[in-house]
Amino acid sequence: APFLVFADADLDQAVDGALLAKMRNVGEACTSANRLYVHDSIVDEFSRRLAERMGALKLGRGTEEGVDTGPLIDDKQRQKVAELVADAAGRGAHVLTGGAVVDGPGYFYEPTVLTDVPADARLLSEEIFGPVAPIVSFATDEEAIAAANRTEYGLVAYVFTKDLDRAIHVSEALETGMVGLN
């Protein structure tokens with residue numbers, strides 16, 4: 001699911017929304033944000049804040065106190081997530097936080113934020129189903145819409161903007177079943 005953050009968005013609200021949309025069920029949900037598109041003018045600050053929040057999440061069993069996020073469903077899925085991150089990093093993406101399998105019992109993968117993700121990275125066209133937030137910047141509304149529509153998985157999209165006209169225009173232009181606004 002694409003997650004679009006425009007320059008006029010409330011940055012705190014957008015970071016909170018991204019964390020919630022990405023980390024729902026450790027990212028193993030059809031409605032999880034898989035690709036985050038953030039306007040050029042705020043992408044660095046947004047990325048820094050999201051990496052800070054995701055890097056601070058405590059991994060562990062859900063029965064333990066203070067745990068924020070649990071394991072993936074199985075080792076096969078954890079390896080797929082690791083392969084997608086390695087592919088993106090190998091193509092030039094920068095890992096701001098996470099990016100590794102956690103040793104020990106359970107199928108844990110570190111919550112991960114990637115920036116400067118190139119268009120040919122597999123995780124921009126495949127479902128991730130893991131705690132990985134790939135961030136891509138955009139300059140214009142049309143560029144964001146085109147990037148968001150560049151997927152065969154059009155279940156849901158998320159849009160963050162204070163501009164009602166933009167919200168309506170973007171929502172109508174997205175090829176998706178549902179749109180979450182702010």
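In the predicted model, Phe-138 is buried, with a relative accessible area of 2%, a value that falls under the 20% limit used for burial. Phe-6 likewise counts as buried, at 0% relative accessibility. A pair of aromatic rings is described by the distance of the centres and the angle of the planes. For Phe-6 and Phe-138 the ring centres lie 5.3 Å apart and the planes stand at 70 degrees, so the pair is classed as edge-to-face, the angle being over the 60 degrees that this class requires. The two residues are 132 positions apart and the pair therefore links distant parts of the chain, with Phe-6 in the loop between β1 and α1 (11–23) and Phe-138 in strand β5. The count of aromatic pairs in the model comes to three, and one aromatic cluster is formed by Phe-3, Tyr-158 and Phe-160.

Two members of that cluster, Tyr-158 and Phe-160, belong to strand β6, where they are buried on one side together with Val-156. On the other side of β6, Ala-157 and Val-159 are buried as well, and both faces of the strand are thus covered. In a regular strand the side chains alternate between the two faces of the sheet. Over residues 156–160, which make up β6, five of five residues are buried.

Strand β6 is paired with β1 and with β7. Three bridges join β1 to β6, and these two strands run parallel; Val-5 stands opposite Phe-160 of β6. Four bridges join β6 to strand β7 (residues 178–181), again in a parallel arrangement, and here Val-159 has Leu-181 of β7 as its bridge partner. Between β6 and β7 the chain passes through α5, and this β-α-β crossover is right-handed.

Helix α4 (residues 141–148) contains the buried residues Asp-141, Ala-144, Ile-145, Ala-147 and Ala-148. These residues cover an arc of only 165 degrees around the axis, which means that they lie on the same side of α4. An α-helix has 3.6 residues a turn, so residues three or four places apart point the same way. The buried residues of α4 pack against three strands, namely β1 (2–5), β2 (35–39) and β5 (132–138), and also against helix α5 (164–173). Strand β5, which is one of these packing partners of α4, is also the strand that holds Phe-138, while α5 is the helix through which the chain crosses from β6 to β7.

Conventions: Residues numbered from 1 in each chain as written. Predicted model: local features only at pLDDT ≥ 70, side-chain atom pairs only at ≥ 80, totals over all residues. Heavy atoms only, no water. Buried < 20%, exposed > 50% of the residue type's maximum accessible area, 1.4 Å probe, protein only. Arc of directions from axis to C-beta. Contact = heavy atoms within 4.5 Å. Phe/Tyr/Trp six-rings, centres within 6.5 Å; stacked < 30°, edge-to-face > 60°. Pairing = 2+ DSSP bridges. Right-handed = clockwise from strand over helix to strand, strands pointing away.
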